[in-house]
Amino acid sequence: MRDCDILVAGCGPAGLSAAQYAARAGYSVIALDALAPGGQLLYIDEIENYPGKEKTSGYALAESLERQAVDFGVEILFSEATSVEKDGNAFVVHTSDGDISAKAVIWAAGARHRELGCEGEHEYQGKGVSYCATCDGPFFKGEDVVVVGGGDTALTDALYLSKICSKVTIVHRRQEFRGQKVLQDRVRAKDNIALELGRNVRSVSGDGRKVSSVTLDDGTEIKTSALFVFVGIEPNTEAVKDIVETDGGFIRTDGEMRTSLPGFFAAGDVRTTPFRQVVTAAGDGAVAAHSADHYIQNL
């Protein structure tokens, strides 16, 4: 069995931030990721609202975060944590490539956006298909966009987009929204928001480089520069849902990223948080590393 001081599950902004802060504090750190470091960053074409960074690609920022963590001494393993158990003062993390023992664990495995599963969705991710209005909305200033969903997030982000886009069309599979009534009223009062209720998006079309239209299940074609999908997200907590308290699948933490299990911390999109952005994930990671340091010092 391998061992380390702190094991970080996930190499998105939260995980890489936690890993570099922990390694910089002098701890041996192993960071796990089943795919490639970067997490959701790898699906973002351009980032312009990360403090101190002018426009950059998600890939470039991910690469920079990875390099910085490795330079501090973090060991990145391409493996997936399948379960975690606590044995006395140590954690045993079972992975797809063997077990790892750690004094503390930071779970930063992120969350995945629910997808529509329609034709063209994957092809145009990062090219007009987005799951974050505050991330990508400004790239479509003055243009027509489509929003899919009927909950609070969809309505809130549609209102946000209506301030910067020429027209916003909301497509929702039900005849009534699920979001708060106050949000529904604000949406209906907006002159540049159109509603397509009782409809589903059947396909996304474009020229291979960017989105140009979406087609609904009744055959209606809507010309658009972007499709924003807000049909929920699913946290990657399956491996730890039985050892820590969760809320709707998301891990409950306090302000110091501590969970219900001492020595087990959570950071980023995987935890209950009111705002999911690259900058907040990185901040979570730094706090989690600091808390893990304090925990180990007091073992």
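The following paragraphs lead through a predicted model, from its largest nonpolar core to a helix pair, a buried glycine and a small set of paired strands.

Because the model is predicted, local features need pLDDT of at least 70 and side-chain atom pairs count only at pLDDT 80 or more, while totals for chains, interfaces and linings use all residues. Residues are numbered from 1 along each chain as its sequence is written, and side-chain values use heavy atoms, with hydrogens and water left out.

The largest nonpolar core (buried Ala, Val, Leu, Ile, Met, Phe, Trp, Tyr and Cys residues joined through side-chain atoms within 4.5 Å) has 34 residues, of which Ile 6, Val 29, Leu 41, Val 74 and Ile 106 touch the most other members. At least two residues of this core come from each of strand E1 (2-9), helix H1 (13-24), strand E2 (29-32), helix H2 (58-71), strand E6 (98-107) and helix H6 (278-297), and H6 gives the largest share, 7 residues. Helices (H or I, at least four residues) and strands (E, at least two) are DSSP runs, numbered from the N terminus. Beyond its neighbours within four places in sequence, Ile 6 is in contact (heavy atoms within 4.5 Å) with residues including Val 29, Ala 102, Ile 106, Ala 292 and Ile 296.

H1 and H2 pack with their axes 9 Å apart and at an angle of about 20°, where axes are lines fitted to C-alpha atoms, for helices over the stretch in contact, and angles run from 0 to 180 degrees between N-to-C directions. The two helices, H1 and H2, are therefore roughly parallel to each other, a term for angles under 35 degrees. On the H1 side, Pro 13, Leu 16 and Gln 20 meet Ala 62, Leu 65, Glu 66, Gln 68 and Ala 69 in H2.

Helix H6 also holds Gly 285, which counts as buried (under 20% relative accessible area, with a 1.4 Å probe and protein chains only) at 0% relative accessibility. Leaving aside neighbours within four places in sequence, Gly 285 is in contact with Ala 14, Ser 17, Ala 18 and Ala 267. Gly 285 and Gly 12 are 273 residues apart in sequence, yet their C-alpha atoms are 9.7 Å apart in space.

Elsewhere, an open sheet of 3 strands runs in the order E12-E13-E14 with antiparallel pairing, two strands being paired if DSSP finds at least two bridges between them. Strands E12 (201-206) and E14 (221-223) stand at the edges with a single partner strand each, so one side of each is left without a neighbour in the sheet. Strand E13 (residues 211-216) is joined to E14 by 3 bridges, and Val 214 has Ile 222 in E14 as its bridge partner.

Terms used: Buried < 20%, exposed > 50% of the residue type's maximum accessible area, 1.4 Å probe, protein only. Parallel < 35°, antiparallel > 145°, perpendicular 65-115°, else oblique.
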